[in-house]
Amino acid sequence: MTTPPPTIDISGPSDGGGDDGAASDGGGDDASPSAAPDVPAPDPADYPGMDENTNEGAVQAFRFYIATVYQAHSTGDSAPLAGMYRETCESCAGLEQDVQELEQGDDLWPATTIVDVWSDPYESESFDVEVSYGFRLSTDGRSNGGGDSGDPTAMTAIAGMDWEDGRWVVGGMQIGESEHG
């Protein structure tokens, strides 16, 4: 099972979109410590071009996927992840399985805000394009475990993206904490 992100800080009012490089947190009400936080699904409008067969479209689609992963871990709803990745992406399937286990164990992650640091598309021999994405995670500490908020956690994710049936899907991915960001 994937370990939840370190306890950190988030969930102020909605920022209204990704124009400043930050994914929209969508607002949300306070939740009791034992209830899943009311975490809205990422808004596709915050990821312009993710439906275009361009390198920037691949970057936006991967940013949307990452936002959906964290939202799913906070709500226990893995359904939005279905179809966003190929069967070849073992880490993607593992993340989806984690969501299902967290929901069954009533041990959901706290709501998370993602702040973009950088993203770059690269040519790939194995995928249509590879995307490298650096971001910072902040959480509000409202998980079942509670806890005080702290500094944001720097993360890096690298994905192989393929254009299939008029949309981008993740074909392979690595994600982890980073010293950069």
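**Helix H2, the nonpolar core and their neighbours**

Helix H2 has 15 residues, which at 1.5 Å a residue should span 21 Å, and the distance between its end C-alpha atoms, 21 Å, agrees with this. The structure described here is a predicted model, and H2 is a convenient place to begin a tour of it. Which residues of H2 are buried? They are Cys-92, Leu-95, Glu-96, Asp-98, Val-99 and Leu-102. These residues lie on the same side of H2, because the arc they cover around the axis is only 150°. An α-helix has 3.6 residues a turn, so residues three or four places apart point the same way. The partners of the buried residues of H2 are H1 and S4, against which they pack. On the face turned away from the buried side, H2 carries the exposed residues Glu-90 and Gln-104. Just after H2 comes Asp-106, with a positive phi of about 55°.

From H2 the view widens to the nonpolar interior. The largest nonpolar core holds 35 residues, and those that touch the most other members are Phe-62, Tyr-65, Ile-66, Phe-135, Met-161, Val-170 and Met-173. Two or more residues of this core come from each of helix H1 (55–75), helix H2 (90–104), strand S2 (129–139), strand S3 (153–164) and strand S4 (167–177). H1 provides the largest share, with eleven residues. Tyr-65 offers a closer look at these contacts: leaving aside residues up to four places away in sequence, Tyr-65 touches Leu-81, Met-84, Tyr-85, Cys-92, Leu-95, Val-170 and Met-173. Two of these names, Cys-92 and Leu-95, appeared above among the buried residues of H2.

Aromatic residues add another layer to the picture. The structure holds seven aromatic pairs. In one of them, Tyr-70 and Trp-109 have ring centres 5.8 Å apart and planes at 45°, so this pair is tilted. The two partners come from distant parts of the chain, 39 residues apart: Tyr-70 belongs to helix H1, whereas Trp-109 sits in the loop between H2 and strand S1 (112–122). Are these two residues buried or exposed? Tyr-70 counts as buried because its relative accessibility is 6%, and Trp-109 is buried too, with a relative accessible area of 3%. Both also take part in one aromatic cluster, together with Phe-62, Tyr-65, Tyr-133 and Phe-135. Among the members of this cluster, Phe-62, Tyr-65 and Phe-135 have already been met as residues that touch the most other members of the largest nonpolar core.

Two serines round off the description. Ser-78 lies in the loop between H1 and H2, and its relative accessibility of 10% is why it counts as buried. Beyond residues up to four places away in sequence, Ser-78 touches Ala-72, Glu-96, Val-99 and Gln-100. With Gln-100 there is also a polar contact, in which the side chains of the two residues meet at 3.3 Å. Ser-78 and Leu-95 are 17 residues apart in sequence, while their C-alpha atoms are 9.0 Å apart in space.

The second serine, Ser-178, is found in the segment after S4. With a relative accessibility of 18%, Ser-178 falls under the 20% cut-off and therefore counts as buried. Its contacts, not counting residues up to four places away in sequence, are Ala-154, Met-155 and Thr-156. The side chains of Ser-178 and Thr-156 are joined by a polar contact of 3.1 Å.

How values were computed:
Residues are numbered from 1 along each chain as its sequence is written. This is a predicted model: local features need pLDDT of at least 70, side-chain atom pairs count only at pLDDT 80 or more; totals for chains, interfaces and linings use all residues. Side-chain values use heavy atoms; hydrogens and water are left out. A nonpolar core is a set of buried Ala, Val, Leu, Ile, Met, Phe, Trp, Tyr and Cys residues joined through side-chain atoms within 4.5 Å. Buried means under 20% relative accessible area, exposed over 50%, partly exposed in between (1.4 Å probe, protein chains only). Helices (H or I, at least four residues) and strands (E, at least two) are DSSP runs, numbered from the N terminus. Contact means heavy atoms within 4.5 Å. A polar contact is a pair of N or O atoms within 3.5 Å; within protein, one must be able to donate a hydrogen and the other to accept it, and residues adjacent in sequence count only if both atoms are side-chain atoms. The expected span of a helix is 1.5 Å times one less than its number of residues. The arc is that of the directions from the helix axis to the C-beta atoms. Rings of Phe, Tyr and Trp (its six-membered ring) pair if their centres lie within 6.5 Å; planes under 30 degrees apart count as stacked, over 60 as edge-to-face and the rest as tilted.
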